[in-house]
Amino acid sequence: MKVLFIGKDKDAYEVLNEVASLSQSEVIMAESLQEAKNIIETSKDIHGIVAFAKVDNLPTVQLLSILKRNEDLKDIPFIILAENPTDEDKDYYKALGVTEVFEIPFNPLEIFLVITASLKDTKGEEVVKQILHEAKKKKKSLFARIIELLKKPFGIKSE
């Protein structure tokens, strides 16, 4: 699974990426809305978006319009991270189409549970299993290639 993180907080990114790695997933960081927009428009395998409410004083929810206009992107879960959001703030974001609003500090495991549950609801459980299986397979093949490279200099034959 690949998740796009939009914000400049490297600590938040690292925590999310560490939790993502537990399921052989990854988090990509975009530090500006333009960078995020480019990734969204060019990457075909973004499965979730986690964004601070504002980046460079611009609301990240404006990216929702890109997602909602594209049939392939409209079901991507969009999670907002906000400091002290009121119930009105949460209602506003949800009315715009945000999947969930998490208060900072947040529990990164909960974020991945929400993304997974949202994907199951919109795409089905089999699709989510396939996404996670593909991520696991890619990690294994990378690991296998590293082992192969390590064996070569020592003259160890592959099986």
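Buried means under 20% relative accessible area, exposed means over 50%, and partly exposed lies in between. The exercises below apply this scale, among other things, to a predicted model.

**Exercise 1. Describe the overall build of the protein chain, giving its helices, its strands and their order.**

Step 1. The protein chain holds six helices and seven strands.

Step 2. Following the sequence, these elements come in the pattern β-α-β-α-β-β-β-α-β-α-β-α-α.

Step 3. As for burial, 38% of the 159 residues of the protein chain count as buried.

**Exercise 2. Find which residues touch the most other members of the largest nonpolar core, and which elements supply this core.**

Step 1. The largest nonpolar core has 25 residues, and within it L4, I6, I49, F78 and I80 touch the most other members.

Step 2. Two or more residues of this core are given by each of β1, α2 (33–42), β3 (48–52), α3 (64–69) and β6 (78–82).

Step 3. Among the contributors, α2 has the largest share, with four residues.

**Exercise 3. Work out how K2 is placed between its two acidic partners, E26 and D45.**

Step 1. The cut-off needed here is that a side-chain nitrogen of Lys or Arg must lie within 4 Å of a carboxyl oxygen of Asp or Glu; by this rule the count comes to seven salt bridges.

Step 2. K2 and E26 satisfy the rule through their side chains, with an N to O distance of 3.9 Å. Because K2 lies in strand β1 and E26 in strand β2 (residues 26–30), the pair ties together parts that are 24 residues apart in sequence.

Step 3. K2 also forms a salt bridge with D45, where the closest N and O atoms are 3.2 Å apart. This pair links distant parts of the chain, since D45 sits in the loop between α2 and β3 while K2 is in strand β1, 43 residues away.

Step 4. The relative accessible area of K2 is 17%, so K2 is buried. E26, at 36% relative accessibility, counts as partly exposed, and D45, with a relative accessible area of 26%, is partly exposed as well.

**Exercise 4. Assign the accessibility class of each partner in the salt bridge between E100 and K94, and then name the residues that shared partners join into one network.**

Step 1. In the salt bridge between E100 and K94, the closest N and O atoms are 3.4 Å apart.

Step 2. E100 has a relative accessible area of 25% and is therefore partly exposed; K94 counts as partly exposed at 39% relative accessibility.

Step 3. The network made by salt bridges that share partners consists of K2, E26 and D45.

**Exercise 5. Locate the patch of negative charge on the surface and place D9 within the chain.**

Step 1. The patch of negative charge on the surface gathers D9, D11, E14 and E18.

Step 2. D9 is found in the loop between β1 (2–6) and α1 (10–21), and its 34% relative accessibility makes it partly exposed.

**Exercise 6. For F112 and for A30, compare the separation in sequence from a given partner with the C-alpha to C-alpha distance.**

Step 1. F112 belongs to helix α5 (residues 108–123), and with a relative accessible area of 8% it is buried. F112 and A20 are 92 residues apart in sequence, yet their C-alpha atoms are 7.6 Å apart in space.

Step 2. A30 is in strand β2 and counts as buried at 0% relative accessibility. A30 and I6 are separated by 24 residues in sequence and by 4.9 Å from C-alpha to C-alpha.

**Exercise 7. Examine the backbone at P105, Q24 and D56, and state where each of these residues lies.**

Step 1. The peptide bond that joins I104 and P105 is cis, with omega about 0°; P105 lies in the loop between β7 (100–103) and α5.

Step 2. Q24 is a residue other than glycine, and its phi is positive, near 55°. Q24 is placed in the loop between α1 and β2, and at 28% relative accessibility it counts as partly exposed.

Step 3. D56, which is not a glycine, has a positive phi of about 55°. D56 is found in the loop between β4 (54–55) and β5 (58–59), where its relative accessibility of 47% makes it partly exposed.

Methods:
Residues are numbered from 1 along each chain as its sequence is written. This is a predicted model: local features need pLDDT of at least 70, side-chain atom pairs count only at pLDDT 80 or more; totals for chains, interfaces and linings use all residues. Side-chain values use heavy atoms; hydrogens and water are left out. Patches are made of residues with over 30% relative accessible area and no salt bridge: like charges are joined within 9 Å, nonpolar side chains (Val, Leu, Ile, Met, Phe, Trp, Tyr) within 5 Å. Accessible areas come from the Shrake-Rupley method with a 1.4 Å probe; for residues, only the protein chains shown count as cover. Lys and Arg count as positive and Asp and Glu as negative; His and the chain ends are not counted. The place of a charge is taken as NZ of Lys, CZ of Arg, CG of Asp or CD of Glu. Buried means under 20% relative accessible area, exposed over 50%, partly exposed in between (1.4 Å probe, protein chains only). A nonpolar core is a set of buried Ala, Val, Leu, Ile, Met, Phe, Trp, Tyr and Cys residues joined through side-chain atoms within 4.5 Å.
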